[in-house]
Amino acid sequence: MSTVTSRRSDRRISPVFLGIVAVMAVSGWAVWTGYANKPGFAVFLFVTSAWVVSLCLHEYAHARTALHGGDISVGAKGYLTLNPLKYTHAMLSIVLPVIFVIMGGIGLPGGAVFIERGRIRGRWKHSLVSAAGPLTNVLFAVVCTAPFWLHALDGVPTEFRLALAFLALLQVTAAILNFLPVPGLDGYGVIEPWLSPGLRRQFEAIAPFGLLAVFACLWLLPPVNHAFFDAIHSVLRALGVSEYDTYWGQRLYRFWEHTSDIPSLTG
């Protein structure tokens, strides 16, 4: 009986996660109804909390897929509770991605659930564990952009539309970054099981610097930066979201700056 109880507690949704969802719901309601005196602050709370929710779901997807693949240790580690404080590196998984959103409006991949890969048998299972996280971001982006590609924006308040557009930008950014076949990112994790042992050993040494190398290329090489964001906006346009919406959504999100010049708000 105690073992069953323990397993249930290992999978019970954490009050921490529910609290974050509550902030998302209340701030989203404030944005939608115009209840807040300063819509920018409400948008900030809504997008930030929704972004953290998506990070938790990203890590949960990794852990849940690993559980079905054979790594039963993820339950005892608390990964199935959606509690971000249970992650191996809460700073890397939650705090740093939020800081990047605030500073630069880019969806930094999180990532710190420790999967015991030795418990998982089969290359396809290993690939699915790695792919599950960014696929969650893809699904989140599809949901965020549903009013756009369904042409159902009539009656949607301008502030809420802009917030959804910026949130979708973050999700698409995170998905594309995560799917890059760079050591240390999920995209590499998808193909790693199919590489020779020699190549895996070589790439393992540079994995801790993979994400850093990607950001160095983005910031230091303008052609790479332009190509990357062109790809992001191409995906968003396919989902019905314009650069106008993402640009002004970010401006509204950064409420501490002057946002009185946002055309859609001032007319």
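The legends below describe three close-up views of a predicted model.

**View 1. Serine 54 in helix H3 and the residues around it.** Serine 54 belongs to helix H3, which covers residues 39-69, and it counts as buried because its relative accessibility is 1%, where buried means under 20%. Leaving aside residues up to four places away in sequence, serine 54 touches Asn137, Phe140 and Gln171. With glutamine 171 there is also a polar contact between side chains, at 3.0 Å.

**View 2. The crossing of helices H6 and H8.** Helix H6 (residues 123-144) and helix H8 (residues 158-178) have axes that come within 8 Å of each other and cross at roughly 155°; since angles over 145 degrees count as roughly antiparallel, the two helices are therefore described in that way. The crossing of H6 and H8 is left-handed. On the H6 side, Pro134, Asn137, Val138, Phe140, Ala141 and Cys144 take part in the contact, and they meet H8 residues including Leu164, Leu167, Ala168, Gln171 and Val172. The residues of this contact between H6 and H8 comprise 11 nonpolar, three polar and no charged.

**View 3. Glycine 40 in helix H3 and its contacts.** Glycine 40 lies in helix H3 and, at 8% relative accessibility, counts as buried. Apart from residues up to four places away in sequence, glycine 40 touches Leu252, Tyr253 and Phe255. The view can also take in glutamate 159, which is 119 residues from glycine 40 in sequence, while the C-alpha atoms of the two residues are 8.3 Å apart in space.

Terms used: Residues are numbered from 1 along each chain as its sequence is written. This is a predicted model: local features need pLDDT of at least 70, side-chain atom pairs count only at pLDDT 80 or more; totals for chains, interfaces and linings use all residues. Side-chain values use heavy atoms; hydrogens and water are left out. Helices (H or I, at least four residues) and strands (E, at least two) are DSSP runs, numbered from the N terminus. Buried means under 20% relative accessible area, exposed over 50%, partly exposed in between (1.4 Å probe, protein chains only). A polar contact is a pair of N or O atoms within 3.5 Å; within protein, one must be able to donate a hydrogen and the other to accept it, and residues adjacent in sequence count only if both atoms are side-chain atoms. Contact means heavy atoms within 4.5 Å. Axes are lines fitted to C-alpha atoms, for helices over the stretch in contact, and angles run from 0 to 180 degrees between N-to-C directions. Angles under 35 degrees count as roughly parallel, over 145 as roughly antiparallel, 65 to 115 as roughly perpendicular and the rest as oblique. A crossing is left-handed if the near helix is turned anticlockwise from the far one by less than a right angle, and right-handed if clockwise. Ala, Val, Leu, Ile, Met, Phe, Trp, Tyr, Cys and Pro count as nonpolar, Asp, Glu, Lys and Arg as charged, and the others, Gly among them, as polar.
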